[in-house]
Amino acid sequence: MDEEFWQAIDSLVSQSEIVIDRPKGTAHPRYPDFIYKVDYGYLKNTSSMDGDGIDVWVGSKKNQNVDAIMCIVDLLKRDSEIKILIGCSEREKEIIYKTHNETENMKGILIRR
């Protein structure tokens with residue numbers, strides 16, 4: 001069953017355009033003190049809980065396979081989402097995990113493939 005889940009994620013990613021709207025090194029549009037340490041974007045023509053595209057973190061590995069997701073609970077927005085990790089190194093996964101757990105209002109778990 002787990003492999004079917006990952007195959008479904010692979011299919012969604014392979015059939016979607018990845019849009020990086022928050023490149024590594026840029027500031028968050030609402031929180032200018034927050035700087036992205038890994039490329040962040042979404043899958044075009046998909047939808048998530050917030051009504052926007054499914055979020056993705058795209059790492060620096062040449063192999064751009066999906067090998068993890070973050071499941072997020074946001075107490076301020078009172079919602080939950082998944083973030084798909086594509087081509088992320090172990091160091092980038094650690095950064096992403098810490099990013100989603102550094103405030104009391106957002107918590108996430110990293111689920112590896």
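Visitor: Which side chains does a polar contact of 3.0 Å join?

Guide: Those of lysine 83 and tyrosine 40. Before we go on, keep in mind that this is a predicted model.

Visitor: Okay. Where is the place of lysine 83?

Guide: You'll find lysine 83 in strand E5.

Visitor: Is lysine 83 buried or exposed?

Guide: Relative accessibility is what you read here, and anything under 20% counts as buried. Lysine 83 counts as buried because its relative accessibility is 5%.

Visitor: What does lysine 83 touch, not counting residues up to four places away in sequence?

Guide: Here's the list: Tyr40, Asp55, Trp57, Ala68, Ile69, Met70, Ile72 and His100. Tyr40, then, turns up among those neighbours as well as in the 3.0 Å side-chain contact.

Visitor: Which side chains make a polar contact with the side chain of glutamate 81?

Guide: There's one with the side chain of serine 48, at 3.2 Å. Another is with the side chain of lysine 83, at 3.1 Å. So we're back at the lysine we started with, because the side chain of glutamate 81 is in polar contact with that of lysine 83.

Visitor: Where is glutamate 81 found, and is it buried or exposed?

Guide: Glutamate 81 is in strand E5. With a relative accessible area of 9%, glutamate 81 is buried. Leaving out residues up to four places away in sequence, glutamate 81 touches Ser48, Met49, Asp50, Asp55, Met70, Cys71 and Ile72.

Visitor: Cys71 caught my eye there. How many disulfides does the count come to?

Guide: Start with the idea: a disulfide is a covalent bond between the sulfur atoms of two cysteines. In this model the count comes to zero disulfides. Cysteine 71 is in none, and its nearest cysteine sulfur, that of cysteine 88, is 15 Å away. Cysteine 88 is likewise in no disulfide, with the sulfur of cysteine 71 being the nearest one, 15 Å away. The cut-off is 2.5 Å between the sulfur atoms, so a pair 15 Å apart isn't counted.

Visitor: Are cysteine 71 and cysteine 88 buried or exposed?

Guide: Cysteine 71 counts as partly exposed, at 24% relative accessibility. Cysteine 88 is buried, with a relative accessible area of 1%.

Visitor: Now pockets. What is the volume of the largest pocket?

Guide: The general trick goes like this. Rolling a probe the size of a water molecule over the atoms shows where empty space is left. In this model, the largest pocket comes out at about 820 Å³.

Visitor: Which residues lie nearest the centre of the largest pocket?

Guide: His28, Arg30, Tyr31, Asp74 and Met106 do, out of a lining of 28 residues. Sorted by class, that lining has nine nonpolar, seven polar and 12 charged residues.

Visitor: Which strands each supply at least two residues of the lining of the largest pocket?

Guide: Strands E1 (18–22), E2 (39–43), E3 (54–58), E4 (66–74) and E5 (79–86). The largest share comes from E2, with three residues.

Visitor: Met106 is near that centre. Which residue is 30 residues from methionine 106 in sequence and 7.8 Å away in space?

Guide: That's leucine 76, with the distance taken from C-alpha to C-alpha. Leucine 76 is found in the loop between E4 and E5, and at 61% relative accessibility it counts as exposed.

Visitor: Which residues have a positive phi although they are not glycines?

Guide: Phi is a backbone angle you can read residue by residue. Asparagine 45 is one case, with a phi of about 65°. Asparagine 45 sits in the loop between E2 and E3 and counts as exposed, at 76% relative accessibility. Arginine 78 is another case, with a phi of about 60°. Arginine 78 lies in the loop between E4 and E5 and counts as exposed too, at 73%.

Visitor: One last stop. Where does aspartate 10 lie, and what does it touch?

Guide: Aspartate 10 lies in helix H1, residues 2–14. Setting aside residues up to four places away in sequence, aspartate 10 touches Val66 and Arg113. Aspartate 10 and valine 66 are 56 residues apart in sequence, yet 6.7 Å apart in space, C-alpha to C-alpha. As for accessibility, aspartate 10 is partly exposed, with a relative accessible area of 28%.

Technical notes:
Residues numbered from 1 in each chain as written. Predicted model: local features only at pLDDT ≥ 70, side-chain atom pairs only at ≥ 80, totals over all residues. Heavy atoms only, no water. 1 Å grid on protein atoms, 1.4 Å probe; cavity = no way out; pocket = protein on both sides within 12 Å on 5 of 7 lines; lining within 4 Å. Points joined across faces, edges and corners; volume = space filled by probe spheres on them. Helix = DSSP H or I, 4+ residues; strand = E, 2+ residues; numbered from the N terminus. Nonpolar A, V, L, I, M, F, W, Y, C, P; charged D, E, K, R; others polar. Buried < 20%, exposed > 50% of the residue type's maximum accessible area, 1.4 Å probe, protein only. Polar contact = N/O pair within 3.5 Å; in protein donor to acceptor, adjacent residues only side chain to side chain. Contact = heavy atoms within 4.5 Å.
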